[in-house]
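Welcome! Below are some short exercises, each followed by a worked solution. Have a look at the chain first, then work through them at your own pace.

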Amino acid sequence: MDTIPPHRKLFYATIIIAIIGVIATSFYAIDQATLYFLFKDQAESEFETAKSIIAKHYPLEVVTQEDPEAQRIASQLSFGLRGSSSSQRPQTVTSSWKIPALKAQAVKHAFAEQFDEFELVIVNIPGRPLAVHPRDMDRLRVNAILSDPATYQAWHTSIQSQQLEVHSNFDLFQWQIPQFGAVIPYVDEKGNTRGGFIFSTKPTLNTVVFLEVLAFGSAFAFLLVLIVAIASVMFAWKGLHDRWKTSKTIRFLAHNDPLTHLPNRAVFSDELNKALRKASITASNVYVIAIDVDKFKEVNDNYGHAAGDTFLQIISDRLRLVFTDHLVSRLSGDEFAVMIEGEYTGREITTLVQRALATTNSNCVIDGKEIQISLSMGIAQATDAAWRSSRLLHCADLALYRSKNGGRSIYTWYASSMDEELQLRRELEAEMVRALKLDGFSVVYQAQVGLGDNKLKAFEALLRWVHPEKGRISPEIFIPIAEDTGLIEALGEYVLNKACNDAALWSDTSLKVAVNFSPAQFKTGEIEQKISEALEESGLAPERLEIEITESLLIADTTSVVKSLKKISKMGVSIAMDDFGTGYSSLSYLSRFPFNKIKIDRSFIMNIGKDAHTDAIVAAIIGLGRSLDVLITAEGVEEEIQAKILRAGGCDIVQGYYFGRPANVDPANPHANIRCSSGIEETIQIETASTA
């Protein structure tokens, strides 16, 4: 289970503390704001009452300069909105004589009737106090009222607008009951501002109202915080949900194949290890079936990768249907594996495998195209407690390899002899690499003779390997290994260069040389260049070179291969289709590309004259060649009767042991040891002894 790193824990704790702080601050701020607006409403009502009292009694009169008492009082009160007193001792401010006694008394009584406790400072236009209430208000208090920035700002605003201006000491983040004051301008009959009244009173809210206000503020704060909390939770849930989904996807991809949703190799290996440990205790059986999709690359090449993905999904679904109660896994691209544990016998496993192969009998249809399914399988069983998962998988792979080499779409049980074959194969791989470096391979040539004039027409270049210790190794053994390991490209290039160099030295310049090409060598843009370089380096005329390809080359990538073949044909090089008739689509490929020659496979020639159906097929191929104006070559002619039947049927060229075995060619006398006309002398030279 994943643990949360320390810095993440600190981060989450900080967020939680911050959220709690925001909630508490929100409650506090809302309560404060509620009190403020409540007290403000009351204060504004009281200020309007004070304004009406002042307007009713009209208490101020203009001060004249001749009045010495007024001048004395003004000199005594030498402070105000524009300055402060230099005196350090508090002094009592008395009522000014300029407010008539009767009016002053009336105003005082009117204010006293309306307000229990209030403060009033009367200020003239220059900003100096004229009178105060209560009478015992000292200089420090007056100076504090006049020096307050809020009062100062309200004074100037009120004097300019001639309207009542309210000010307050309210601070959202200070716990105190808000105090309100007002500046009430005094305007005479002519519309001139003569001064102002700075008035303040204390709120008189009772306890019930105060508690109701707090309750309302708390309820409102709770509702607001609840809305914010719900929104925050929803936002956090969305983030956590997305993260949970991402984590779930990551866990799924860590254990499953994203395409087929089958368990991956890691899960398969883990479960196999568990099954083997369990089997070592209970003495039960454990089987592994390795499965490979035959020719899956061709499906990708011919139908596209999207169709290839769908193809694999269909195969995985069919495997699930057969192995419902067992672990089915996709190990890699087109490789699957099945693990079966429990009291199953070999016969029951064979039955399951046969059922799996039977599901491939019906083709799948993808985008309207019918695609054939073919599976090769290898089966291995853990026979004792010492078996490991890697060993069991390895043995299943060996059996699978035998199935693929044995014709595909079959199954094979593992046998201990397969380990010896694998060891031999690995040794041959290493020896082949060494032989390429040390020129351990050689090229021999088999004659191709025209049946019409009995003259030598060409030689086919054949690769041979004589190992210094193991002796002669058949091409049927090392060529498939070279194709699987990628060495076939180097071997093919070696044969091409050797054949061109040898043919350039033959005294008879009419003879052609034929070279076989593997599908692995045929890469667009490379094979044409290699052929051109080989012809240029050897000096061989392009008309004397013939390349032989098989149908499997065209199946791999028809469009690309045909494009390359056309480029090669434009060089003047002849192109022959080898092993004609052994595939499924040979005729369709003849229509896509104009071959110069068709070679009838030796499997037909060995039964010619013995089987009527074979004779009919050979006759049909020869007739096809005539219709298309293509030369027909028959391979594997080993008896005279075969040559006579082919000559009678109209076959153009033959090759086989009857006319000459593969051997080295004497550049000065290429016709030597070949059953053919040698030019001027109509003699036939036959080498009776077996040659290389």
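Helices (H or I, at least four residues) and strands (E, at least two) are DSSP runs, numbered from the N terminus. This is a predicted model, in which local features need pLDDT of at least 70 and side-chain atom pairs count only at pLDDT 80 or more, while totals for chains, interfaces and linings use all residues. Residues are numbered from 1 along each chain as its sequence is written, and side-chain values use heavy atoms, with hydrogens and water left out.

**Exercise 1. Place Q32 in the chain, and decide whether Q32 is buried or exposed.**

Step 1: Q32 sits in helix α1, which covers residues 6-57.
Step 2: Recall the cut-offs: buried means under 20% relative accessible area, exposed over 50%, and partly exposed in between (1.4 Å probe, protein chains only).
Step 3: Q32 has a relative accessible area of 1%, so Q32 is buried.
Step 4: Look across the fold as well: the C-alpha atoms of Q32 and F170 are separated by 9.0 Å, although their positions lie 138 residues apart along the chain.

**Exercise 2. Find where UniProt places the feature "transmembrane region", and describe residues 12-30.**

Step 1: The unreviewed UniProt entry puts this feature at residues 12-30 and 213-237. UniProt positions are given in the numbering used here, feature names are shortened, and annotations may be inferred rather than shown by experiment.
Step 2: The span 12-30 is 100% helix and 0% strand, and its end C-alpha atoms lie 27 Å apart.

**Exercise 3. Describe how helix α8 meets helix α9.**

Step 1: Two packed helices are described by the angle between their axes and the distance between the axes. Axes are lines fitted to C-alpha atoms, for helices over the stretch in contact, and angles run from 0 to 180 degrees between N-to-C directions.
Step 2: The axes of α8 (residues 296-303) and α9 (residues 305-322) come within 7 Å and cross at roughly 140°.
Step 3: This crossing makes α8 oblique to α9. Angles under 35 degrees count as roughly parallel, over 145 as roughly antiparallel, 65 to 115 as roughly perpendicular and the rest as oblique.
Step 4: With contact meaning heavy atoms within 4.5 Å, α8 contributes F296, V299, N300 and Y303, and α9 contributes H305, A307, G308, F311 and L312.
Step 5: Sorted by class, the contact has six nonpolar, three polar and no charged residues. Here Ala, Val, Leu, Ile, Met, Phe, Trp, Tyr, Cys and Pro count as nonpolar, Asp, Glu, Lys and Arg as charged, and the others, Gly among them, as polar.
Step 6: A307 of α9 is buried, since its relative accessibility is 6%. A307 and V365 are 58 residues apart in sequence and 9.8 Å apart in space, C-alpha to C-alpha.

**Exercise 4. Now do the same for helix α11 and helix α12.**

Step 1: The axes of α11 (residues 389-405) and α12 (residues 417-437) come within 10 Å, crossing at roughly 80°.
Step 2: The two helices are therefore roughly perpendicular to each other.
Step 3: On the α11 side the contact is made by R391, H394, L398, A399, Y401 and R402, and on the α12 side by M418, D419, E421, L422, R425 and R426.
Step 4: These residues divide into five nonpolar, one polar and six charged.

**Exercise 5. Examine the backbone at P134 and N454.**

Step 1: Most residues other than glycine have a negative phi, and most peptide bonds are trans.
Step 2: H133 and P134 are joined by a cis peptide bond, with omega about 5°. P134 belongs to the loop between β2 (129-133) and α4 (139-147).
Step 3: N454 has a positive phi, near 60°, and is a residue other than glycine. Its loop runs between β13 (441-450) and β14 (456-467), and N454 counts as partly exposed because its relative accessibility is 22%.

**Exercise 6. How many disulfides are there?**

Step 1: A disulfide is a pair of cysteine sulfur atoms within 2.5 Å.
Step 2: By this rule the count is zero.
Step 3: Two cysteines to look at are C395, buried at 0% relative accessibility, and C500, also buried at 0%.

**Exercise 7. Give an overview of the chain.**

Step 1: The secondary structure comes to 21 helices and 21 strands.
Step 2: Of the 692 residues, 41% count as buried.
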